[in-house]
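Reader: I'd like a close look at one part, the second largest pocket. Which classes of residue make up its lining, and which elements do they come from?

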Amino acid sequence: MSQKTVIPTHATIYDLLAHSALHYAKKTAIEEKCGDFYIGHTYAQLNDATRKLASALRRMLGAGANVMIVGENGYNFVLSYLGVVCSGCAAIPLPVSVTLETARAAVRDCDICALIYGDDAKELAEGIQKKVKKISFSALHDMVKNEKTVKLTPPSQDDIAELAYTYGAEETPRAAVLTHKNICFSIDEMAKTLPLSPDDKLYSVLPTAYSYERICGTLYPLSMGACVTYGEGLRHLSTNLRCVSPTVMLCVPLILDRIYGKIWANIEKKGIGESVRRAIKLTAAAGPLRTAVRRQVFAEIHDSLGGRLSVLFCGGGLPSHEAVYGLREFGIRTLACYGAVETAALMCANRRDLHEYSSVGMPVPGGLLDIYNIQADGVGEIRYKGGNVFDGYYKNEELTKTVLHDGWFYTGDMGYFDRRGFLHIVGKKSNMILRARRRAVFPEEIEKKLTGSPFIEEAAVYGELDSTGKDYDIVARIVPDMKNLEALYGRSLSQDKIQNEIAKAVEAANAELDPHKAIVRFILSDGELEKNEIGKVLRSKLT
């Protein structure tokens, strides 16, 4: 007999876990690949281990301590995070890719007194300041085993749950203070946006250290009695999906493009491209039943993704038009969302029954999203107000004042609402190129047009003062897609042919842009564009 889905409202993460342990005690909460097998941990086991670890940490560190967590995805990372936040301490999660320099800066900025680390972060742990107490993932199990009596005062909703540390070479490092209330608000809004049931299984491929994956992809499914599964990373995505058979997966545009590209690569490899295209046209005529029909017609594709995957929830930017509509033609729905670390990862999202594929969706029901200082074209700065808006940046009142006013969080992103109320993002305010006669140009819009070409792997657009010194020329730095160019030209590929193909792609992009946004010239880059630790292009390095 199937369990009834419970949609609770929680005040703290401690309450969330206790509630799930009560209702779904014997269900698998966390599942991870260990060698050749997947090992499961039930909700009762997770709750018991969390309470014991929280008790041990509370006795060791005291209430209100700030604890950094650096490690690989999996049960140990989740247990570490839950143990810290349920002990009354604050967690500072960082990905294993973090540099020693950034980790040391976080220790200083966030008054960190302890570090919990995984095997992949051993070298980093050795380089962290000696005053910081270090606890390895392997030591957690002894701490849990030896904690016979749990002595724990549960945190309140206004206690700090985490300091979400954000950084990058071109931005001021900052730690957003998120309370239990902030995070639980976003979790409640996720339940209204993407309802899950205890029968759902979410495959986690993004680092849990990122707010989006941690809140929307871990805490939220745990609040609903669903199962969160960890595999072997992006390189083994196809194999893991077939083994795990998830129903939902959180992703970013890069992963969507990879999934869609691999599907078509397999189709073309089998020589059935034309028959698949005909099938796509035929199934489009199925009306309201088209999704179900497509899942049957393209069963082999669905089997390659585990057979049950119905939704790809995409954050971190708007996915490409080709991938979104292409996956939909196979019966796989992609729902884009929008959020920020400062709003506990969520502000806006598409729903299963209410979506616009070219947008990031509608504001979450409990929040208020507004376009501030609207220009003639309807574009303005996106601002948001809701129970998930952070309390400010840790010990940085000056920086806090630049983004928080009267309860509104000013995102720094520029966008507009369409007639149906869906939000469209055009770019970041900080990247905007303001041309003569106050004509605004957003690099992101142009870059998206360029990377739509199969011959352009990466593109970054910037403004360069023209000969008059009174206006900007629009310039693009482009990384050619050598794989596709070599497939087209083979051994006859030359620098002139690369230049000609890129010129055609630029001309095609310009044809779709307003005249004042047109690219005046482009520069070919030999290697990939220089990026920061989290993969964002360093625009200051372009010129």
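Author: For the classes, Ala, Val, Leu, Ile, Met, Phe, Trp, Tyr, Cys and Pro are nonpolar, Asp, Glu, Lys and Arg are charged, and the rest, Gly included, are polar. On that basis the second largest pocket is lined by 14 nonpolar, 4 polar and 6 charged residues. Keep in mind that this is a predicted model, where local features need pLDDT of at least 70 and side-chain atom pairs pLDDT 80 or more, while totals for chains, interfaces and linings take in all residues. Numbering starts from 1 along each chain as its sequence is written, and side-chain values use heavy atoms, without hydrogens or water.

The second largest pocket (an open set of 1 Å grid points where a 1.4 Å probe fits, with protein on both sides within 12 Å along at least five of seven lines) holds about 480 Å³ of space. There are 24 lining residues (an atom within 4 Å of a point), and Ile263, Asn266, Glu300, Ile301 and Ser304 are the closest to the centre of this pocket. Two or more lining residues come from each of α9 (237–244), α10 (253–269), α11 (273–283) and α13 (299–304), helices being DSSP runs of H or I, at least four residues long. The largest share, 6 residues, is from α10.

Now for α9 itself. Leu237, Asn240, Leu241 and Val244 are buried there (under 20% relative accessible area, 1.4 Å probe). They sit on the same side of α9, because they cover an arc of only 100° around the axis, taken from the axis-to-C-beta directions. Right after α9 comes serine 245, with a positive phi near 55°.

Definitions and conventions:
Grid points are joined across faces, edges and corners, and a volume is the space filled by probe spheres set on the points. Buried means under 20% relative accessible area, exposed over 50%, partly exposed in between (1.4 Å probe, protein chains only).
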